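This briefing introduces a single protein chain to a reader who has not met it before. Please keep the sequence and the structure in view while reading.

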Amino acid sequence: MQAPRRLREQARSHSLFPYFFKENPMLFHVKMTVNLPLDMDPTKAAKLKADEKELAQRLQQEGTWRHLWRIAGHYANYSVFDVASVEALHDTLLQLPLFPYMDIEIEGLCRHPSSIHDDDR
């Protein structure tokens, strides 16, 4: 159901409209914890990790995987993805070679109006 025209016009005139609608990318904070089976063949594990690294670096160069941080003491990371939609994030995560071995937590992010940065990079 679409909002009445008057409400849509008021929303567009609001100073925060560009930050909450499609003019900006969709950012997602993603926590990925990897749980490789203890009995996994070391050669297979090494291949998965190498393939994961190659894809992660390509996605970073493309700007899709905006930030990547290791979580100290864990086989896990915090990442920020810059994608066009929830579906795009889902499709990106499914491509990861380690995806079948991950526990993933996702939180949507939006620009904070008090941020001093224009693009929050």
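The points below go from the overall make-up of the chain to its strands, its largest pocket and several buried side chains.

The model is a predicted one. The chain holds four helices and four strands, and from the N terminus these elements follow one another as α-α-β-α-β-β-α-β. Of its 121 residues, 27% count as buried.

**The hairpin of β2 and β3**

- Strands β2 and β3 are paired in the antiparallel sense, with five bridges between them.
- Five residues lie between the two strands of this hairpin, and G73 adopts a positive phi there, near 85 degrees.
- Across the pairing, W65 is placed opposite F81 of β3.

**The aromatic pair**

- How many aromatic pairs does the structure hold? There is one, formed by the rings of W65 and F81.
- The ring centres are 4.7 Å apart and the ring planes meet at 35 degrees, so the pair is classed as tilted; that class covers angles that are neither under 30 nor over 60 degrees.
- W65 belongs to strand β2 and F81 to strand β3, and with 16 residues separating them the pair links distant parts of the chain.
- Are these two residues buried or exposed? W65 has a relative accessibility of 3% and therefore counts as buried, and F81, at 0%, is buried as well.

**The largest pocket**

- The largest pocket encloses about 450 Å³ of space.
- Its lining is made up of 18 residues, and those closest to the centre are E52, L68, R70, Y75 and N77.
- Which elements give two or more residues to this lining? They are β1 (26-34), α3 (42-62), β2 (65-70) and β3 (76-83).
- Helix α3 supplies the largest share, with six residues.
- By residue type, the lining consists of ten nonpolar, four polar and four charged residues.

**Buried residues of strand β3**

- N77, one of the residues closest to the centre of the largest pocket, is located in strand β3.
- The relative accessibility of N77 is 13%, so this residue counts as buried, the limit being under 20%.
- Although 44 residues separate N77 from T33 in sequence, their C-alpha atoms are 6.6 Å apart in space.
- D82 is also part of strand β3, and its relative accessible area of 15% places it among the buried residues.
- What does the side chain of D82 contact? It makes a polar contact with the side chain of R66, at 2.6 Å.

**R111, after the last strand**

- R111 is found in the segment that follows β4 (102-109).
- R111 has a relative accessible area of 14% and is therefore buried.
- A polar atom of the R111 side chain lies 2.4 Å from the backbone oxygen of H117.

**Points to locate in the structure**

- In the hairpin, the view may begin at W65 and F81, which stand opposite each other and form the tilted pair.
- In strand β3, N77 and D82 can then be found, D82 together with its partner R66.
- In the pocket, helix α3 can be followed as the element that gives the largest share of the lining.
- After β4, R111 can be traced to the backbone oxygen of H117.

How values were computed: Residues are numbered from 1 along each chain as its sequence is written. This is a predicted model: local features need pLDDT of at least 70, side-chain atom pairs count only at pLDDT 80 or more; totals for chains, interfaces and linings use all residues. Side-chain values use heavy atoms; hydrogens and water are left out. On a 1 Å grid over the protein atoms alone, a cavity is a set of points where a 1.4 Å probe fits but cannot get out, and a pocket is an open set with protein on both sides within 12 Å along at least five of seven lines; lining residues have an atom within 4 Å of a point. Grid points are joined across faces, edges and corners, and a volume is the space filled by probe spheres set on the points. Ala, Val, Leu, Ile, Met, Phe, Trp, Tyr, Cys and Pro count as nonpolar, Asp, Glu, Lys and Arg as charged, and the others, Gly among them, as polar. Rings of Phe, Tyr and Trp (its six-membered ring) pair if their centres lie within 6.5 Å; planes under 30 degrees apart count as stacked, over 60 as edge-to-face and the rest as tilted. Buried means under 20% relative accessible area, exposed over 50%, partly exposed in between (1.4 Å probe, protein chains only). Two strands pair if DSSP finds at least two bridges between them. A polar contact is a pair of N or O atoms within 3.5 Å; within protein, one must be able to donate a hydrogen and the other to accept it, and residues adjacent in sequence count only if both atoms are side-chain atoms.
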